[in-house]
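Visitor: Got a minute to walk me through this one?
Guide: Sure, have a look first.

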Amino acid sequence: MQSQRIDELPGITSQLAFEVEDLTVAYHSKPALWDVDLDVPQGVLMAIVGPNGAGKSTLIKAALGLIPRAAGEARFFGTTYGKARSRVGYVPQRGSVDWDFPTTVLDVVMMGRYGEIGWFKHPTDRDRAAALQALHQVGLSEFAQRQISQLSGGQQQRTFLARALVQDADLYFMDEPFAAVDAVTERAIVELLRTLRERDKTVIVVHHDLQTVPEYFDWVALLNVEMIASGPIETTFTEDNLRAAYGGRVSAIGAGRSV
Amino acid sequence: MSDQVSGVRYQPEPRTKASSIITRYSFLSREWLRIAALAVVFLLLIPLSALAFGVEWTHTLRTVALGGGILGLVTGALGSFAVLRQEGLLGDALSHAALPGIAIAFLISGRELTALLIGAGIAGWLGVLLVRAIVSTTRIKQDAAMAIVLSSFFAFGLALLAYIQGRDDASQAGLKSFIFGQAAAIVERDVWTIGLVGGAALLLMLVFWKEFKLITFDMAFARANGIPTRTLDLILSTLIVVAIVLGLQLAGVILMVGLLIAPAVAARQWTRKLEQMVVLAAIFGAASGASGAVVSAIDAGMPTGPLIIVAAVLIAFLSLAFAPERGIVWSQLKQRADRRAFAAQTMMRDLYRHCCSHDNMSQPTDEAMLVKLRGAAARAGLRDLAREGLAVMEAGTTQWRLTPDGVLAAAQIADNGTRQTREIRPVVITTVEA
């Protein structure tokens with residue numbers, strides 16, 4: 001673990017948006033995550049990268065309590081998830097739902113408000129306006145009344161992003177938003193990430209494409225069951241770390257980088 | 001249609017008074033009117049079935065029809081969630097699992113309907129919990145787990161029934177009717193039970209409407225948002241158990257699942273919104289429950305369950321075949337129309353390219369050559385072009401050439417064609433400007 005101490009870095013406040021301590025997750029007694037530590041300061045765009053089966057999605061799911069943890073804990077803005085929940089937004093993998101569900105794009109986005117709306121109440125005009133605004137942000141304004149089964153993969157992904165945006169959270173977890181999307185969607189997501197950073201939001205993204213990491217993100221965590229390294233791109237996204245995470249298979253990519 | 005990220009700030013559209021009334025009272029929309037029309041058509045099944053089979057509309061029959069109708073309404077509505085959660089077969093496991101509960105309840109308290117239904121509910125519940133437990137603690141998948149639970153519970157139930165029948169007890173005669181259902185056994189008090197309990201179940205469904213919708217669509221997102229998914233999941237499953245148990249006397253343990261699933265499958269065909277699907281499924285369920293019960297009343301020996309299911313499946317087949325957009329017939333017609341439009345477009349492009357290659361816009365092309373190149377569809381395409389006035393066949397020959405309008409339209413397609421290959425546009429191009 002060669003992570004830099006956050007508070008020693010210039011220009012970064014010591015308040016952490018997200019921290020993980022000694023997190024271990026096991027599937028059928030095989031560890032998917034092993035003793036993982038991670039500190040994420042506020043206001044960064046962080047990519048979690050690592051080979052297949054490295055536990056990237058597992059890390060997010062375990063932190064959010066979607067799968068059981070064998071050990072360790074996760075803290076959000078210095079407190080538990082239960083207390084910080086309204087400040088945390090989650091974008092699951094788009095393949096995790098049935099897109100033939102009978103509903104419209106606007107309705108899916110509105111689901112992001114359900115937790116806030118509370119029991120026994122219906123969404124109001126304000127929720128609707130927030131949903132339309134979020135759809136506009138991801139470039140899907142004209143698709144509001146579209147049946148979700150008619151969306152392309154990229155549009156599905158943007159619908160999920162919009163659903164997270166209406167939560168107006170301070171910390172976002174996105175599980176492979178760039179997986180198999182068209183160029184328009186990729187640009188839309190990048191633009192959105194930048195907007196979020198400008199507003200001092202923290203975004204943690206499970207990412208696959210090493211090429212684009214330095215361009216899209218300013219913070220990175222290299223994961224392979226254990227945490228290899230995490231920190232700012234400049235000091236962390238190095239050839240040595242990449243080789244440690246991927247086992248020597250990425251030397252070509254690492255060498256081409258100006259790190 | 002801008003599929004682009006624009007930098008323009010979002011401006012909410014100004015809503016006119018009329019449009020805001022329609023969004024507020026969305027039942028005024030065309031979709032809801034269509035549903036109302038469907039409701040009328042399918043609810044007519046009930047009196048029609050009585051007429052067609054010459055059943056006399058007696059007080060008993062009214063009781064039976066009402067019981068079947070209310071039951072179908074409840075199971076149809078709740079069945080929508082079962083179908084969307086892809087848990088239709090769980091309903092089947094559940095209803096089969098109820099049989100030993102009925103038998104045990106009988107052994108304890110005799111032929112008392114409430115007790116029998118409570119026994120059925122508990123056993124059905126245990127069945128579902130067992131399936132869930134098997135799936136979560138072992139590596140056995142849900143389908144195998146359901147098969148195990150369904151067959152073992154049902155076998156146990158049959159064995160218990162055989163034991164009960166072997167006893168010297170006259171009151172056990174009606175128990176067998178729980179296997180296939182028996183409308184004749186329904187009395188007015190039972191209809192009240194179905195109505196009150198079913199109504200309560202529907203009320204709970206409305207109370208937790210948005211939560212049920214969310215956990216059905218995206219369980220992980222709901223849980224991450226602090227929605228108590230386990231509790232809600234439990235409530236929804238319980239409501240489905242209740243709906244099934246209510247129907248056991250009428251539809252029987254073997255076929256009960258049909259009344260849960262078929263109306264929802266049918267309803268899914270006609271609509272794109274969950275609330276409409278649930279309403280339609282309730283209507284379809286009511287229509288099939290009531291008409292099946294009515295027809296079975298022709299003869300005391302006629303099992304009600306199979307007839308209810310026949311009615312429900314009939315509606316499902318009609319919907320699978322004829323519903324707009326999702327129906328088989330509709331999509332075939334759509335495909336044919338698309339192919340036709342595409343053929344005409346291809347012909348226009350071929351004629352145009354031939355002209356271009358000769359650098360002469362009135363260059364004719366032989367039909368035989370086009371057919372050889374593009375297959376028999378070429379002929380239909382050329383006829384369509386002729387009808388639109390975009391191409392003509394020179395009299396007495398088989399030579400085709402584009403009209404001036406056709407040349408303009410073809411040029412436009414040639415420009416757009418490369419970009420819009422995915423969307424097949426109709427050949428009618430109305431804005432040809434001189």
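Guide: We can take disulfides, then cores, then a pocket.
Guide: This is a predicted model, where local features need pLDDT of at least 70, side-chain atom pairs count only at pLDDT 80 or more, and totals for chains, interfaces and linings use all residues. Residues are numbered from 1 along each chain as its sequence is written, chains are lettered from A and ligands numbered from 1 in the order in which they are written, and side-chain values use heavy atoms, with hydrogens and water left out.

Visitor: How many disulfides over all chains?
Guide: There are 0. A disulfide here is a pair of cysteine sulfur atoms within 2.5 Å.

Visitor: Why no bond for Cys355(B)?
Guide: Because its closest cysteine sulfur, in Cys356(B), is 6.8 Å away, too far for a bond.

Visitor: Are those two buried or exposed?
Guide: Cys355(B) is buried, at 1% relative accessible area. Cys356(B) is partly exposed, at 36%. Buried means under 20%, exposed over 50%, partly exposed in between, with a 1.4 Å probe and protein chains only.

Visitor: Switching topic. How many residues has the largest nonpolar core?
Guide: It has 151 residues. Those with the most contacts inside it include Met174(A) and Phe212(B). A nonpolar core is a set of buried Ala, Val, Leu, Ile, Met, Phe, Trp, Tyr and Cys residues joined through side-chain atoms within 4.5 Å.

Visitor: Is there a second core, and what is in it?
Guide: A separate core of 35 residues includes Leu33(A) and Trp219(A).

Visitor: And what makes up the lining of the second largest pocket?
Guide: Its residues divide into 20 nonpolar, 9 polar and 9 charged. Nonpolar means Ala, Val, Leu, Ile, Met, Phe, Trp, Tyr, Cys and Pro; charged means Asp, Glu, Lys and Arg; the others, Gly among them, are polar. A pocket is an open set of points on a 1 Å grid over the protein atoms alone, where a 1.4 Å probe fits, with protein on both sides within 12 Å along at least five of seven lines; lining residues have an atom within 4 Å of a point.
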